[in-house]
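Me: I'd like to go through this model and ask what stands behind each label. Can you keep it informal?

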Amino acid sequence: MTEIESSTTDQQPQPRKLSREARREQLIEATIETIGRQGYAKTTLTDVSRHAGLSHGLVNFHFETKEKLLAETLSYLAEEYRRNWTTALEAAGSDPARRLDAIFRADFNPTICTPSRLAAWCAFWGEAQSRPLYQEQCGSNDREYNRVLEEICRELLAETGRPGDPVRIARVLRVTTEGVWMDLMTMSAPYDKEEALCTVFTCAAAFFPEKFTSQGAVSSGSAGYSPQAGPV
């Protein structure tokens with residue numbers, strides 16, 4: 001496993017007057033960092049409060065139990081992830097290759113593809129007791145992501161005239177991305193995010209060589225589009 005960056009030991013005093021939502025977000029962010037360092041099972045409310053520089057009682061006030069805090073943390077991560085890829089998709093326009101390019105790049109957005117967030121996701125995936133919680137919190141988001149990916153693959157097959165099952169191709173693309181995320185967490189010397197993204201694009205190029213290279217979607221010639229940067 002790669003080393004997860006930990007916060008400094010000395011916590012700075014926290015401002016006392018924050019809104020309820022801001023305080024809850026602060027505690028959830030502390031939970032993500034704590035799970036990243038210690039794992040799902042070993043995370044305690046005391047650990048979270050210490051990392052946040054707040055009292056144990058304040059954590060209890062906002063979340064009552066560890067189970068509720070973890071559920072809220074998973075929900076927060078799931079909504080953050082959903083908002084990230086849907087925003088990228090909306091900005092990509094209607095071209096299916098650009099849409100797929102945008103979804104892949106969104107998965108490696110530096111704001112969500114961080115050591116602590118990757119570790120937290122892996123912890124939620126890996127804990128058997130979290131699976132019912134995961135399905136409850138993330139099931140609808142997963143289904144929507146899969147539906148969009150399948151729709152894009154269906155459009156790309158129609159454009160290229162290539163045979164193939166869009167559902168299976170979408171599944172291969174999804175598990176490739178998830179596998180690369182896992183590599184970034186579990187390899188003793190992981191490759192960087194740029195190489196991770198190239199790996200995913202290489203998978204897309206295997207199915208749609210007319211539309212992708214290892215660097216991303218091939219420009220259709222429209223002004224204002226860079227395969228490396230997306231819509232500009």
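Me: What classes of residue make up the lining of the largest pocket?

Reply: Keep in mind that this is a predicted model. The lining of the largest pocket splits into 9 nonpolar, 3 polar and 6 charged residues. There are 18 lining residues overall, and Y81, W125, Y134, D142 and E178 sit nearest the centre. The volume is about 380 Å³.

Me: Which helices supply at least two residues each to that lining?

Reply: Those would be α4, α6, α7 (131-160) and α8 (166-186). Helix α7 has the largest share, with 7 residues.

Me: What makes Y40 and F124 an edge-to-face pair?

Reply: Two values settle it. The ring centres are 5.5 Å apart, and a pair needs centres within 6.5 Å, so Y40 and F124 qualify as a pair. The planes stand at 80 degrees, and edge-to-face takes over 60, so that's the label they get. By this rule the model has 10 aromatic pairs.

Me: Why can one say that the Y40 and F124 pair ties together separate parts?

Reply: Because Y40 lies in the loop between α1 (20-38) and α2 (45-52), whereas F124 is in helix α6 (residues 115-126); the parts they tie together are 84 residues apart in sequence.

Me: Are those two rings' residues buried or exposed, and how do you know?

Reply: Buried means under 20% relative accessible area. Y40 has 10%, so Y40 is buried. F124 comes out at 0%, so F124 is buried as well.

Me: Why is the pair of W121 and W125 called tilted?

Reply: The centres are 6.1 Å apart, within the 6.5 Å limit, so W121 and W125 count as a pair. The angle between the planes is 35 degrees; stacked needs under 30 and edge-to-face over 60, so tilted is what remains. Both residues are in helix α6, 4 residues apart, which means about one helical turn separates them. They also belong to one aromatic cluster with Y81, W85, Y145 and W181.

Me: What makes W121 buried but W125 partly exposed?

Reply: The 20% cut-off again. W121 has a relative accessible area of 6%, under that limit, so W121 is buried. W125 has 23%, and partly exposed covers the range between 20% and 50%, so W125 goes there.

Me: How do you know whether N84 is buried or exposed?

Reply: N84, found in helix α4 (residues 66-92), has 12% relative accessibility, so N84 counts as buried. Leaving aside neighbours within four places in sequence, N84 is in contact with A106, D107, N109 and I112.

Me: What makes the space lined by L77, E80, Y81, I112, R117, W121 and W181 a cavity?

Reply: A cavity is space where a 1.4 Å probe fits but cannot get out, whereas a pocket is open. The structure holds 1 cavity of 30 Å³ or more, and the largest cavity has a volume of about 30 Å³. Its lining divides into 5 nonpolar, no polar and 2 charged residues. Helix α4 gives the most, with 3 residues, and α4 and α6 each supply at least two.

Me: How many disulfides are there, and what would make one?

Reply: The count is 0. A disulfide needs two cysteine sulfur atoms within 2.5 Å, so no cysteine pair here meets that limit. As for individual cysteines, C122 counts as buried at 17% relative accessibility, and C198 is buried at 11%.

Notes. Residues are numbered from 1 along each chain as its sequence is written. This is a predicted model: local features need pLDDT of at least 70, side-chain atom pairs count only at pLDDT 80 or more; totals for chains, interfaces and linings use all residues. Side-chain values use heavy atoms; hydrogens and water are left out. Rings of Phe, Tyr and Trp (its six-membered ring) pair if their centres lie within 6.5 Å; planes under 30 degrees apart count as stacked, over 60 as edge-to-face and the rest as tilted. Buried means under 20% relative accessible area, exposed over 50%, partly exposed in between (1.4 Å probe, protein chains only). Contact means heavy atoms within 4.5 Å. On a 1 Å grid over the protein atoms alone, a cavity is a set of points where a 1.4 Å probe fits but cannot get out, and a pocket is an open set with protein on both sides within 12 Å along at least five of seven lines; lining residues have an atom within 4 Å of a point. Grid points are joined across faces, edges and corners, and a volume is the space filled by probe spheres set on the points. Ala, Val, Leu, Ile, Met, Phe, Trp, Tyr, Cys and Pro count as nonpolar, Asp, Glu, Lys and Arg as charged, and the others, Gly among them, as polar.
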